[in-house]
Amino acid sequence: MNMYDQIERELKILVNKEQFCQILHSYDFGKPVLQTNVYFDDDQGSVRKLGALRIRTIGEQHIFTLKIRRDSITQTELEKKIPVDSIRNIQDPEILGWLKQYGIPLTVKPFAVSQTKRYVLHLPSAELCLDETAFGANRNYLDYEIEYEYTENHDGIEKFNRILSKIGLEYTKNAPSKLARAISYADV
């Protein structure tokens with residue numbers, strides 16, 4: 001199973017449906033991928049104080065992800081494919097080591113969910129992702145996000161602004177994390 005451990009740098013902005021569609025039709029994104037994110041924490045919110053813990057399901061594939069916040073745009077991301085969709089059933093020694101290292105108990109429970117239709121465009125030094133995300137128990141709250149994720153060091157804000165200029169926008173930090181948005185609709 002593959003493991004992914006790197007510094008993640010991303011810029012994201014919430015947009016309306018019209019702006020989302022304009023960008024979608026301005027580039028050759030191809031077919032979207034449907035992914036479901038289930039977020040886990042304990043009753044004290046210990047994981048959220050560190051970052052985020054989720055299992056993402058794409059088709060039959062499950063991906064464990066632990067994000068540890070470093071600053072407002074940088075985080076360490078520990079990621080690995082797993083054969084199960086529950087934290088309690090994980091037996092992978094590497095993942096168990098991560099959980100122990102950060103003091104995360106195996107008794108964490110799912111507390112929020114989101115389902116995203118993601119379009120990805122690979123650029124020379126980044127990925128441009130368009131996410132249409134549904135939140136809430138009945139998936140009846142939708143939002144639209146454009147994300148620019150660095151794959152190499154460069155002036156990402158300048159390049160992201162060039163993309164956003166096509167829809168008359170400039171990057172401004174207006175997008176809480178998907179986790180924060182999922183939490184706000186968790187009981188809906």
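Which residues do ring pairs link into a cluster? In this predicted model, the cluster is made up of Tyr148, Tyr150, Phe160 and Tyr171, joined to one another by ring pairs. The count of aromatic pairs comes to nine, and two of the pairs that involve Phe20 are a useful way into the fold.

Take the pair with Tyr119 to begin with. The ring centres of Phe20 and Tyr119 lie 6.3 Å apart and their planes meet at 70 degrees, so this pair is edge-to-face, given that planes over 60 degrees apart are counted in that class. Phe20 belongs to helix H1, which covers residues 17–26, while Tyr119 belongs to strand S6, which covers residues 109–122, and the pair therefore links distant parts of the chain, 99 residues apart. Both Phe20 and Tyr119 are buried. Phe20 also forms an aromatic pair with Tyr144, and here the geometry is tilted, with 5.1 Å from centre to centre and 55 degrees between the planes. Because Phe20 lies in helix H1 and Tyr144 in strand S8 (residues 141–150), this pair ties together parts of the chain that are 124 residues apart in sequence. Tyr144, like Phe20, is buried.

Strand S6 leads on to the strands that follow. S6 and S7 form a hairpin with three residues between them, and they pair in the antiparallel sense over nine bridges; within this pairing, His122 has Glu127 of S7 as its bridge partner. S7 in turn pairs with S8, again in the antiparallel sense, over ten bridges, and in this pairing Leu128 stands opposite Tyr148 of S8, a residue that also belongs to the aromatic cluster described at the start. Eight of the ten residues of S7, which spans residues 126–135, are buried, so this strand is largely enclosed by the rest of the structure.

Another kind of contact with a ring is found at Phe111, where the charged end of Arg48 sits over the ring, 4.3 Å from its centre.

Helix H3 (residues 93–101) shows how burial can be divided around a helix. Its buried residues are Ile95, Trp98 and Leu99, and when the helix is viewed down its axis they fall within an arc of 95 degrees, so they line one face of H3. An α-helix has 3.6 residues a turn, so residues three or four places apart point the same way. On the face of H3 turned away from the buried side are the exposed residues Pro93, Lys100 and Gln101. At the start of the helix, a side-chain oxygen of Asp92 comes to within 2.9 Å of the backbone nitrogen of Glu94, and H3 is followed by Gly103, whose phi is positive, near 70 degrees.

A last stop is His62, which lies in strand S4 (residues 61–69). With a relative accessible area of 15%, His62 is buried, because that value falls under the 20% cut-off. Leaving aside residues up to four places away in sequence, His62 touches Ile55, Arg56 and Thr57, and also Lys80, Lys81, Ile82, Pro83, Val84 and Asp85. With Thr57 there is in addition a polar contact of 3.0 Å between the two side chains. Ser86, which is 24 residues from His62 in sequence, is 9.4 Å from His62 in space, C-alpha to C-alpha.

Terms used: Residues numbered from 1 in each chain as written. Predicted model: local features only at pLDDT ≥ 70, side-chain atom pairs only at ≥ 80, totals over all residues. Heavy atoms only, no water. Phe/Tyr/Trp six-rings, centres within 6.5 Å; stacked < 30°, edge-to-face > 60°. Helix = DSSP H or I, 4+ residues; strand = E, 2+ residues; numbered from the N terminus. Buried < 20%, exposed > 50% of the residue type's maximum accessible area, 1.4 Å probe, protein only. Lys NZ or Arg CZ within 6 Å of the ring centre and 35° of its normal. Contact = heavy atoms within 4.5 Å. Polar contact = N/O pair within 3.5 Å; in protein donor to acceptor, adjacent residues only side chain to side chain. Arc of directions from axis to C-beta. Pairing = 2+ DSSP bridges.
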